[in-house]
Structures are given as structure tokens and as C-alpha cells.
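Reader: I've got the sequence and the coordinates open, and I'd like to go through the fold with you. Can we start once the structure is up?

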Amino acid sequence: MKRWTSELGPPLLGIAVLVFVWAIVAAATDTRSLPGPVEVWTSLRGGFTDGGFMEATLKTLIRLAFSFAAALVIGTALGLFLSAFELARRSIRPLVVALQITPFVAWVPLAVIWFGVTERAVVFVAIAGSFPAVALATLQGIRQVPPLYVRAGRTLGAAGWDLQRSIVFPAALPAYMVGVQQAWGFAWKALMAGELIVQASGASGLGHLLDRSEDVAAILAIVAVIAVIGVAVEYLIVGTIDRRIRAKRGLLEAA
Amino acid sequence: MSRAATRTRDQPAGAPAASTISVRDLGMTRTRPSGEQVPAFEGLTFDIARGEFVTLIGPSGSGKTSTLGVIAGLERPTHGEVLVDGRPVTGPGPDRALLFQEPALFPWLSVRGNIELALRLANVPPGERQERAGTWLARVEVDRSTDRQPHELSAGMRQRVALARALACDPPILLGDEPFGALDALARERLQDIVQRERMERAGRTTFLFATHNAREAVLLADRVLVMSAAPGRLLEEFRIDAHRPRTLDDVLVARVVSEIHDLLIGQLEESSS
């Protein structure tokens with residue numbers, strides 16, 4: 001209980017201060033351009049009870065899960081391939097770096113031409129925006145495995161695939177997780193951009209909803225939902241896995 | 001009683017006998033960052049008998065680590081060869097366990113997991129691994145921390161686990177690359193005691209070759225001490241230590257040889273700096 005208050009206290013205080021300042025500024029300005037917390041809360045509740053927020057949130061989360069999973073599979077496979085073949089690494093790695101730097105929004109026109117104004121185009125943008133981070137982290141993680149572990153593994157009799165599986169991959173995991181954390185953030189941002197821009201007919205999602213909303217209270221309510229999902233995935237899922245891996249190895253500072 | 005029968009009685013079933021090591025005219029050059037080639041050691045020739053404990057001592061830079069690396073099969077010599085039981089070494093293998101200066105435990109595995117991985121890599125059947133890991137951890141006196149992660153242990157305990165991991169597979173050869181060099185005096189003494197005990201209990205089952213820069217440790221542990229010169233390393237002299245085991249540093253014979261080796265090493269330092 002005490003742990004919860006010490007960990008959650010400061011962020012909750014930050015939110016309280018934000019809402020307080022927001023309420024004061026909103027009271028002093030035109031409600032149509034900046035509605036206050038109460039109006040946004042009402043819009044949020046209305047959205048979830050009958051405004052399609054629930055359906056949009058679920059659809060978006062499913063797309064996120066699918067895109068992120070696909071990015072992990074593609075990125076990991078590519079990273080492993082590049083780490084195994086010197087020539088492939090030297091010729092393809094710069095291209096992956098280029099992909100990584102390219103803003104994901106740049107993929108939208110291509111996605112629309114290839115897949116039409118469809119949900120598939122949106123998912124394509126999310127995958128294209130996030131798999132390079134996974135591929136580069138896989139490559140980096142494997143290349144940065146401390147030589148001592150490999151030497152120790154080899155003297156214990158590990159060779160070939162067994163050496164990779166028993167020593168190299170586990171040793172590369174913390175660096176790989178850095179890429180996974182980056183990639184999920186990229187996937188999330190790219191997905192939102194895709195949903196916002198590619199208005200597939202009949203498609204439902206938070207980005208779509210955002211584009212169709214006309215009053216500021218609804219827009220702010222949707223942004224709040226997007227923000228909460230981001231924080232939840234970051235802290236509860238990806239961050240927790242990363243922390244567990246690091247804590248087990250003594251890579252976290254004592255709390 | 002036949003000889004084979006005697007052997008069977010002395011050794012647990014399936015345990016391999018210790019191996020011999022022959023180092024033949026071994027030499028290695030090192031590449032400096034500037035690209036310049038400098039000899040690390042040259043013309044190194046010595047033999048180690050089955051079950052013998054040999055320590056290699058010399059000033060830093062004399063090529064002790066590289067010599068062990070070549071015997072372990074992790075590095076290739078530029079000249080000469082190493083024979084184990086008469087066969088040339090071509091790569092690393094579980095028949096030659098190596099203790100590093102750092103424990104080199106795998107941080108993603110528990111203490112027990114580290115030993116069990118070594119047993120798996122040595123093709124010990126799954127059913128036997130847990131018990132053997134437990135037995136070995138008890139022998140190095142870390143049996144109360146078996147489910148902890150390596151980072152939760154003290155440096156001395158970690159190196160004891162590394163020793164257990166190296167010995168758990170009953171290697172015919174145990175190499176040590178200054179394995180106690182980074183430990184404080186107490187932890188070092190405890191490990192020396194454990195290694196001495198293993199040397200006595202494993203007579204004929206494991207051949208030991210340890211590098212060290214500590215003359216006392218060299219004499220305390222070894223049947224024979226090989227002294228190497230300053231870079232490029234060559235064999236300077238060897239000392240046979242016949243003192244009774246277990247030895248202590250108060251032993252008269254031990255103390256005398258220690259001071260002789262000490263003088264020899266100091267001479268090397270003066271020679272290399274003049």
C-alpha cells in the first residue's frame with residue numbers, strides 16, 4: 001500500500017495540477033475552443049456509453065496488437081538474418097537504418113496506392129514504421145554480447161546453434177528489449193497517423209473517430225483515451241517485461 | 001586383480017581419466033593498435049603429466065593468458081602446437097574447462113541454472129543434472145544460494161560457483177587464467193583451500209594448469225611451477241614442489257620456494273625496465 005502511494009502519488013499530483021490549471025484557463029476562455037475538464041469528462045462518458053468509443057478503442061487495440069506482433073516477427077527475423085551473414089549485414093543494414101529514419105507518415109501515399117483506402121493500408125504503415133527498430137536492436141544486441149560469455153560458453157562445449165540458443169540470444173535480450181520498447185512506440189504513433197489520414201469507409205478506430213469529430217470536447221476526450229492507452233502499454237506491459245529482465249540480471253539500480 | 005579393475009574401483013563409472021598436455025614450441029604474435037606485430041611469447045615447450053597440478057607464473061604481459069587461450073582452443077597460435085592426450089587441439093571443448101579471471105557466470109540463469117547448463121552442454125542426461133548441480137554447489141560451499149541470481153552473490157561466491165560449473169562435468173583438464181586474481185585475500189584463501197582439496201580428491205581424474213602472478217599461490221597449489229620471463233614470454237625455470245598437502249604458507253619448503261620465485265620475478269621486472 002505504501003509502495004503504491006509513493007509510486008503513484010507524484011504522477012497523480014502532476015495530473016491534478018494539469019487539470020486544475022486547465023480548468024482555470026478554460027473558464028477564462030471561450031468554451032467552444034477550449035472546453036473545461038467537466039465538458040471533456042461528459043463527452044468521454046457519452047462516447048463510451050453510446051458514441052462508439054468502445055468499438056473504436058477495441059478495433060484500434062486489435063490493429064496495434066497485430067501490427068506490433070508482425071513488426072516483432074519481421075524485425076527479429078531480419079535482424080537474425082543480418083547478424084548471421086556479413087555481406088547481407090553490410091549491404092542491407094544501411095537500408096534498414098534509412099527505413100528507421102524515414103517518418104512513417106511518408107508511407108501513407110504508397111500504402112494507399114498498394115492497398116487502397118483500407119484498414120490494410122493503415123496496418124501496413126504501422127508495421128513499416130516499427131519493424132526497422134526491432135531489426136536494428138536484434139542486430140545490435142547480438143553484436144554487443146560480451147565476448148566473455150561466448151568464450152565461457154565455448155569452453156563449456158557450446159557450438160553452432162546451441163551456442164546461439166543457450167548463450168548469444170539470452171545475452172542479447174536486454175539490448176533487444178530496448179528496440180522492442182522503441183518499436184511499440186513507433187507502431188502506436190504510426191497507427192494513429194494512419195487511422196487519421198486513411199479514412200477507410202466504415203472503418204472504426206480512435207484515429208478515424210478523431211478525424212470525424214467536430215467539437216473540441218470530443219477531440220480532447222479521444223486524445224485522452226489515446227494517451228491512457230499509450231501510458232498503460234508502456235508501463236504495464238512493455239516496461240514491466242523490460243524491468244523484470246533487467247532486475248533478474250542485476251541491471252537495475254536498487255529501488 | 002587386473003589393472004582395469006583397479007581403475008574402475010578408483011573412479012566413478014564413466015568418469016574420464018585426466019589428460020596429458022604437451023605444449024610444443026608454441027609462439028604467438030600480438031597486433032598492436034598501431035598495426036605493429038609484437039611477439040607475446042615464443043618457443044614455449046613443456047609437458048604436463050596426467051593429474052599433475054602446474055602453475056604458470058610470470059610478470060604481466062608474459063603471455064600466460066594467451067597460452068591458456070591456445071590450450072583451451074579459443075585462440076590460435078602463430079607457431080607450434082598443443083597436444084592433449086597426444087592429439088592436437090583444434091578448438092574449444094568441454095574436456096578442457098577454463099576458469100576466467102572474472103567468474104563469467106551467465107546473468108540470466110540462477111546459480112543452479114549455470115551449473116545445469118554446463119551439464120546439459122556436456123550431454124549429462126536431464127535426470128542427473130539437478131542432483132549433480134546440487135552436489136557440486138555443496139562442495140564449493142554455496143548450497144544455500146542455489147536459487148539466487150549470480151549478481152546477488154559476493155565476488156568470492158561467484159568464483160566458487162564458476163569453479164563448480166567448471167568441475168561439474170568432470171573435465172580431464174582444468175585451466176585457470178588467474179582465476180583468483182581479482183578477489184580479496186579472504187575469498188582467495190577460501191578458493192585456494194577448495195582447489196587444493198579438489199586436487200587431492202581428484203588425483204588422476206583432472207590435470208590442472210593455472211596461471212597466476214602470485215608466487216605464494218603458485219607454490220601453494222602446484223606440483224610444479226613454471227616461471228615465465230617478461231615479454232616476449234619464454235620459460236625461465238621450473239620448480240618442483242614436493243611439500244605434503246594440504247599446504248599452508250607457513251610450510252618451510254613452501255616459503256623457501258616462494259622467495260626464490262619472488263627474486264626471479266623481481267629480476268625480470270628490473271630487466272624489462274632497464
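Author: Sure, and one definition up front: helices (H or I, at least four residues) and strands (E, at least two) are DSSP runs, numbered from the N terminus. Keep in mind that this is a predicted model.

Reader: Let's begin with odd backbone angles, then. Where is E178(B)?

Author: E178(B) has a positive phi of about 45 degrees although it is not a glycine. Most residues other than glycine have a negative phi. As for its place, E178(B) sits in the loop between β7 and α6 of chain B.

Reader: Is E178(B) buried or exposed?

Author: A residue needs 20 or more other C-beta atoms within 10 Å of its own to be buried. E178(B) has 21 C-beta neighbours inside 10 Å, so it counts as buried.

Reader: And A104(B), is that one buried or exposed?

Author: A104(B) has a positive phi too, near 55 degrees, and is not a glycine. You'll find A104(B) in the loop between β6 and α3 (111–121) of chain B. Its count is 25 C-beta neighbours inside 10 Å, and the cut-off is 20 or more. Therefore A104(B) is buried.

Reader: Which residues does a cis peptide bond join?

Author: Look in the loop between β10 and α8 (252–273) of chain B, where P246(B) is found. Omega there is about -5 degrees, and the cis bond joins R245(B) and P246(B).

Reader: On to the sheet. Which strands are its edge strands?

Author: The sheet is open, with 6 strands and mixed pairing, in the order β6-β7-β8-β3-β9-β10 (chain B). An edge strand pairs on one side only, and here the edges are β6 (96–99) and β10 (235–240) of chain B.

Reader: By how many degrees are neighbouring strands of this sheet turned against each other on average?

Author: Ignore strand direction for this one, and take the average over neighbouring strands. The turn comes out at 15 degrees.

Reader: What stands opposite D177(B)?

Author: Strand β7 (residues 173–177) of chain B runs parallel to β8 (residues 207–212) of chain B, and 5 bridges join them. Within β8(B), the residue opposite D177(B) is A211(B).

Reader: Which helix packs on the sheet and touches β3, β6, β7, β8 and β9 of chain B?

Author: Its direction makes about 150 degrees with that of β7(B). There is also α5 (residues 155–167) of chain B, which lies across β6 and β7 of chain B at about 175 degrees to β6(B). The helix that touches the five strands you list is α2 (residues 64–72) of chain B.

Reader: How is chain B divided, and which element gives the largest share of the side of domain 1 that touches domain 2?

Author: Chain B splits into domain 1 (14–95 + 172–274) and domain 2 (99–170), with 24 Å between their centres over C-alpha atoms. The contact takes 19 residues from domain 1 and 16 residues from domain 2. On the domain 1 side, β7 and α6 (185–201) of chain B each supply at least two residues. The largest share, 5 residues, comes from α6(B).

Reader: Over to chain A. Are α3(A) and α4(A) parallel or oblique to each other?

Author: The axes of α3 (residues 53–84) and α4 (residues 86–101) of chain A come within 6 Å and cross at roughly 130 degrees. Residues of that contact include F81(A) and L82(A) from α3(A), and I92(A) from α4(A). An angle of 65 to 115 degrees would be roughly perpendicular and one over 145 roughly antiparallel. The two helices are therefore oblique.

Reader: And are α2(A) and α10(A) parallel or perpendicular?

Author: The axes of α2 (residues 37–50) and α10 (residues 216–248) of chain A come within 8 Å and cross at roughly 70 degrees. The residues that meet include V40(A) and L44(A) in α2(A), and L220(A) in α10(A). The contact divides into 7 nonpolar, 2 polar and 1 charged. With that crossing angle, α2(A) is roughly perpendicular to α10(A).

Reader: Last one: which element gives the most to the side of chain A that touches chain B?

Author: The contact takes 16 residues from chain A and 20 residues from chain B. On the chain A side, α7 (147–155) and α8 (160–197) give two or more residues. The most, 6 residues, comes from α7(A).

Conventions: Residues are numbered from 1 along each chain as its sequence is written. Chains are lettered from A and ligands numbered from 1 in the order in which they are written. This is a predicted model: local features need pLDDT of at least 70, side-chain atom pairs count only at pLDDT 80 or more; totals for chains, interfaces and linings use all residues. Two strands pair if DSSP finds at least two bridges between them. Axes are lines fitted to C-alpha atoms, for helices over the stretch in contact, and angles run from 0 to 180 degrees between N-to-C directions. Two residues are in contact if their C-beta atoms, placed from the backbone, lie within 7 Å. Angles under 35 degrees count as roughly parallel, over 145 as roughly antiparallel, 65 to 115 as roughly perpendicular and the rest as oblique. Ala, Val, Leu, Ile, Met, Phe, Trp, Tyr, Cys and Pro count as nonpolar, Asp, Glu, Lys and Arg as charged, and the others, Gly among them, as polar. Domain bounds come from an automatic or database domain assignment. A residue is buried if 20 or more other C-beta atoms lie within 10 Å of its own, exposed if 12 or fewer, and partly exposed in between; C-beta atoms are placed from the backbone.
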